[in-house]
Amino acid sequence: MPITLDYRYLYDAVRARFESDAALEAFLPQALTPGELERLGDDRYLSAMTRRVFHAGVRHTMVDAKWPEFEKAFQGFAPEALARLGPEQIETHMRNERIIRDRAKIRSIPENARFILDIRRERGAGFGAFLAGWPDTDTIGLWRLLAKRGARLGGRSAAGFLRLAGKDTFLLTSDVVARLQAAGVVEREPSSQCDLHAVQDAFNALRQESGRPLCQLSALMALSINPGF
């Protein structure tokens, strides 16, 4: 029989693997507050988008080690400047051995810069205010918007970008999906809107029950399946 997604069950199963309450709390991820999201410059969001794009299909540690060189090469990721990045500048970056030279991923940078600027014009505020105002109860709606309007932000990349940027989100890792399957929320890795809505509903219920952010609930689910998460 499936195990229900009961917060106390999840917490107790994971707590047993840590020496103390404090050790568990220190391990769990933290999301930024709405105020902190608003105070971040749009350059930081473009940097996080680009970092997530380059993480896809590559060892994250390799990308992270080179990230200071990316920051230098792309002028600190100011959207106003990078929205005008053209073919000649892209070819120049393709000759820079200090960064990862992936033409398709580099081409996503001006597209995502324009996406950020479009949101700023539409909302009359920075991208951080847009993220801060998006309700956590509709995380999958934000994923959908990022996939539709951003460049190379579909699939798991939307959630990965949000996690890098500090916006509260859950992740659908294989361990999280396994816990959702065990609880009977989904039968397979969720891809349809119906399945994703069922996942969102499950997280919303756990959030209401526990008062914890989505990122911590996601981690607790993963840890309940895989102690080495």
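Author: A residue counts as buried under 20% relative accessible area, as exposed over 50%, and as partly exposed in between (1.4 Å probe, protein chains only). The model is predicted, so local features need pLDDT of at least 70 and side-chain atom pairs pLDDT 80 or more, while totals for chains, interfaces and linings use all residues. Residues are numbered from 1 along each chain as its sequence is written, and side-chain values use heavy atoms, leaving out hydrogens and water.

Reader: Why does F18 count as buried or exposed, whichever applies?

Author: F18 has 18% relative accessibility, and therefore counts as buried. F27, at 39%, counts as partly exposed.

Reader: What makes two rings a pair, and how many aromatic pairs does the structure hold?

Author: Rings of Phe, Tyr and Trp (its six-membered ring) pair if their centres lie within 6.5 Å; planes under 30 degrees apart count as stacked, over 60 as edge-to-face and the rest as tilted. The structure holds 14 aromatic pairs. The rings of F18 and F27 have centres 5.6 Å apart and planes at 55°, so this pair is tilted.

Reader: Why is the pair of F70 and F74 called stacked?

Author: Their ring centres are 6.2 Å apart and their planes stand at 25°, so the pair is stacked. Both F70 and F74 are buried.

Reader: Which residues do ring pairs link into a cluster?

Author: The cluster consists of Y45, F115, F127, F130, W134 and F161.
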